[in-house]
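Okay, thanks for making time, everyone. I'd like to walk you through one structure today, so let me put it up on the screen.

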Amino acid sequence: GTHSRGFSLKSTRVPWYQKPLVQNAFYTDLASGAWHITFYTLFLSMWSGLTAVFDIYVLEEAKPGSSHTGYYLFSFDFVYVGNHHVRNLLLMSALLTVFGSLALFVTSCIILDALR
């Protein structure tokens, strides 16, 4: 009879789109990987919240028509003081970023509690 030889895994050529993206796993324990990523999202939520609060403060200080003769920590010359519609859009995006960072912070705290 005819004998068909089986293919070993090393003899078959794997197309590029079927190869794994990462050769070695960063985290073999998914719980520790999720723990570290959750701490990163906590940091990300705090950082984006602080920068958004700073954006709101700066946009409020440099609203059109206001003048700053002196400054204590820094000058407000770099803040956008043009069209009030654009300023309102920037203010709205900063407020949405504050709400999003609060939601991310709460979600990260819930996930950390679930992972302990």
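**Starting from Thr-38**

Let's begin with one residue and work outwards: leaving aside neighbours up to four places away in sequence, Thr-38 touches Ser-108, Ile-111, Leu-112 and Leu-115, where a contact means heavy atoms within 4.5 Å. Before I go further, this is a predicted model, so local features need pLDDT of at least 70 and side-chain atom pairs count only at pLDDT 80 or more, while totals for chains, interfaces and linings use all residues. Residues are numbered from 1 along each chain as its sequence is written, and side-chain values use heavy atoms, with hydrogens and water left out.

Back to Thr-38, which sits in helix α1. Helices here are DSSP runs of H or I with at least four residues, strands are E runs of at least two, and the numbering goes from the N terminus. Is Thr-38 buried or exposed? Its relative accessibility is 6%, so Thr-38 counts as buried; the cut-offs are under 20% relative accessible area for buried, over 50% for exposed and partly exposed in between, with a 1.4 Å probe and protein chains only. A polar atom of the Thr-38 side chain also lies 2.6 Å from the backbone oxygen of Ala-34.

**The two helices**

Zooming out, the protein chain has two helices and zero strands. What would you expect for the span of α1? With 32 residues at 1.5 Å a residue, α1 should span 46 Å, and its end C-alpha atoms are 46 Å apart, so the two agree. For the record, the expected span is 1.5 Å times one less than the number of residues.

The buried residues of α1 include Gly-33, Thr-41, Leu-42, Ser-48 and Ala-52, and part of what covers the buried residues of α1 is α2, residues 84-115. Ser-45 is a nice example: this residue of α1 is buried, at a relative accessible area of 2%. Which residues does Ser-45 touch, beyond those up to four places away in sequence? They are Ser-101, Leu-104 and Phe-105. The C-alpha atoms of Ser-45 and Leu-102 are 6.9 Å apart in space, with their positions 57 residues apart in sequence.

Another pair to look at is Ala-31 and Arg-116, 85 residues apart along the chain, with C-alpha atoms separated by 9.1 Å. Ala-31 is in α1 too, and is partly exposed at 40%.

For the chain as a whole, take the contacts between residues at least 6 apart in sequence: 60% of them join residues at least 24 apart. Buried residues make up 17% of the 116 residues. The accessible surface comes to about 9,800 Å², and 66% of that belongs to carbon and sulfur atoms; these areas are Shrake-Rupley with a 1.4 Å probe, and for residues only the protein chains shown count as cover.

**Salt bridges**

How many salt bridges does a search of the whole structure find? Two, taking a salt bridge as a side-chain nitrogen of Lys or Arg within 4 Å of a carboxyl oxygen of Asp or Glu.

One joins Arg-87 and Glu-60, with the closest N and O atoms 3.5 Å apart. This pair links distant parts of the chain, since Arg-87 is in α2 and Glu-60 in α1, 27 residues apart. Arg-87 counts as buried at 8%, whereas Glu-60 is partly exposed at 39%.

Then there's Arg-116 with Asp-113, where the closest N and O atoms are 2.8 Å apart. Arg-116 is exposed at 77%, and Asp-113 is partly exposed at 46%.

**Aromatic pairs**

Last topic. Rings of Phe, Tyr and Trp (its six-membered ring) pair if their centres lie within 6.5 Å; planes under 30 degrees apart are stacked, over 60 edge-to-face, and the rest tilted. By that rule there are two aromatic pairs.

Why is Trp-16 with Tyr-17 called edge-to-face? Because their planes are at 85 degrees, with the ring centres 5.8 Å apart. Trp-16 is exposed at 72%, and Tyr-17 is exposed at 57%. Trp-35 and Phe-39 also form an edge-to-face pair, at 5.1 Å centre to centre and 80 degrees between the planes. Both lie in α1, residues 30-61, four residues apart, about one turn of the helix. An α-helix has 3.6 residues a turn, so residues three or four places apart point the same way. Trp-35 is partly exposed at 31%, as is Phe-39 at 40%.

Conventions
A polar contact is a pair of N or O atoms within 3.5 Å; within protein, one must be able to donate a hydrogen and the other to accept it, and residues adjacent in sequence count only if both atoms are side-chain atoms.
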